[in-house]
Amino acid sequence: MPETAPQRARIAVFVSGRGSNMAALLYTSRLDDAPYEIALVASNDPGAEALALAEAEGIATFALSHKGMTREAHDAAMEDAARKVGADHIALAGYMRILTPDFVKRWEGRMLNIHPSLLPKYTGLDTHARAIAAGDTHGGVSVHLVTEDLDAGEVLGQIAVAIRPNETAESLAERVRFAEHQLYPRVLARHVARPYDAGWLLDRVRDLALALPQTHERESHGSPGWRVGTEKSGKYFAYFSDQHHGTPHISLLVKCGGMDELEALVEDQPHAYHKPAYYGASGWLGVILNRPGVDWDAVAERLHRSWQAVAPKSAMRSMDAADQF
Ligand code: GRF
């Protein structure tokens, strides 16, 4: 792994049943290069087979029946268990509970689910029987981000599985299961590595920078940069630096309130800020992006402030106008 490789992501797996997907995640996590580890297996069914397997493999478990509890209270207990082991992602693997919107929101982008259909087809139950009844040539499996709407979050990966003549829901389910066990570990690995991936970070920064009025992108000394104003006389308000000048950081360079603020931020929060070579001397602050727990609202705010520091009056006016809506 490169020098800058993050610690392995800690995953809490929520299950209700047999846990074959949990087992696929668990055994893959034991490979040398796995970017994640299973920190907890938690279930709403104390009798779930998945719990016994996790225990045998030395994984921490948590079980709490939902019977007689409100949805909020049960979710809170499950979430608490995940937090206690320091989980940074939750992988739902046959977890047969609908989660409360607040819970889902808190884990936005960090909670995945596996669903046995080619989403957006066949959300909900009986997916294989429905695919066969519709005369589809393929069933399959999807891993997606969990959002408030059932099985509707961004699809992170899919595998199609051919439907053969005389296929039954059971025979298809059995084959799809093989695909599930291939898909989930790979997609989870890719997903947890995403916040350290320069391409993914650049796309996010670019979206935020170009959402500000009168902006355009222009490369500067090999780095992507964003300017406000016209193509001719615009000024840079941000640069993207991918481990430049020997630093391990992937960072966003923005103008901040001045040298004092820059030095103070770098001293107080060295995990979050750095003083970039060359640029630092002229007041550019490095906001470190390849680290756990980046607050993207704060990144957007920094970009906005930097934009304000150099934007011409006409751009400011269009921003003021937009703010009124
Ligand atoms: C799988 O088919 C998965 O796609 C669905 O629930 C089932 C869980 O099976 N969400 P297992 O408990 O992982 O064996």
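# A tour from the ligand outward

Select Ser-20 and the ligand. A side-chain N or O atom of Ser-20 sits 2.5 Å from an oxygen atom of the ligand. Keep in mind that this is a predicted model.

Stay at the ligand and add Arg-177. One of the polar side-chain atoms of Arg-177 is 3.0 Å from a ligand oxygen. Now add Glu-180. Here, too, a side-chain N or O atom lies 3.0 Å from an oxygen atom of the ligand. Next, switch on the surface. The ligand by itself would expose 360 Å², and the protein buries 85% of that area.

**The shell**

Show the rest of the surroundings. Besides Ser-20, Arg-177 and Glu-180, the residues around the ligand are Arg-18, Gly-19, Asn-21, Gly-94, Ile-114 and Pro-116. Color them by class. You should get 2 nonpolar, 4 polar and 3 charged residues. Which helices each supply at least two residues of this shell? They are H1, residues 20-29, and H6, residues 169-193.

**Helix H6**

Select 169-193 and hide the rest. H6 holds 25 residues. From first C-alpha to last, H6 reaches 35 Å, close to the 36 Å expected at 1.5 Å a residue. Where does H6 bend? Center on Ala-179: the helix turns there by about 25 degrees.

**Helix H1**

Go back to 20-29 and pick Leu-26, which belongs to H1. Is Leu-26 buried or exposed? Its relative accessible area is 0%, so Leu-26 counts as buried. Draw a distance from Leu-26 to Val-41. Their C-alpha atoms are 9.7 Å apart, with the two positions 15 residues apart along the chain.

**Helix H3**

Move to residues 71-84, helix H3, and pick Ala-73 in it. Why does Ala-73 count as partly exposed rather than buried? Buried requires under 20% relative accessible area and exposed requires over 50%. Ala-73 has 35% relative accessibility, so it falls in the partly exposed class. Draw a second distance, from Ala-73 to Thr-100. C-alpha to C-alpha, this pair is 10.0 Å apart in space and 27 residues apart in sequence.

**The whole chain**

Zoom out and show the full cartoon. The protein chain has 10 helices and 13 strands. Along its principal axes, the C-alpha trace spans about 70 × 45 × 40 Å. Finally, color by accessibility. Of the 325 residues in the chain, 46% are buried.

Definitions and conventions: Residues numbered from 1 in each chain as written. Predicted model: local features only at pLDDT ≥ 70, side-chain atom pairs only at ≥ 80, totals over all residues. Heavy atoms only, no water. Near = heavy atom within 4 Å. Polar contact = N/O pair within 3.5 Å; in protein donor to acceptor, adjacent residues only side chain to side chain. Areas by Shrake-Rupley, 256 points an atom, 1.4 Å probe, with all protein chains shown as cover. Helix = DSSP H or I, 4+ residues; strand = E, 2+ residues; numbered from the N terminus. Nonpolar A, V, L, I, M, F, W, Y, C, P; charged D, E, K, R; others polar. Expected span 1.5 Å × (residues − 1). Bend = angle between axes of the 7 residues up to and from the residue. Buried < 20%, exposed > 50% of the residue type's maximum accessible area, 1.4 Å probe, protein only.
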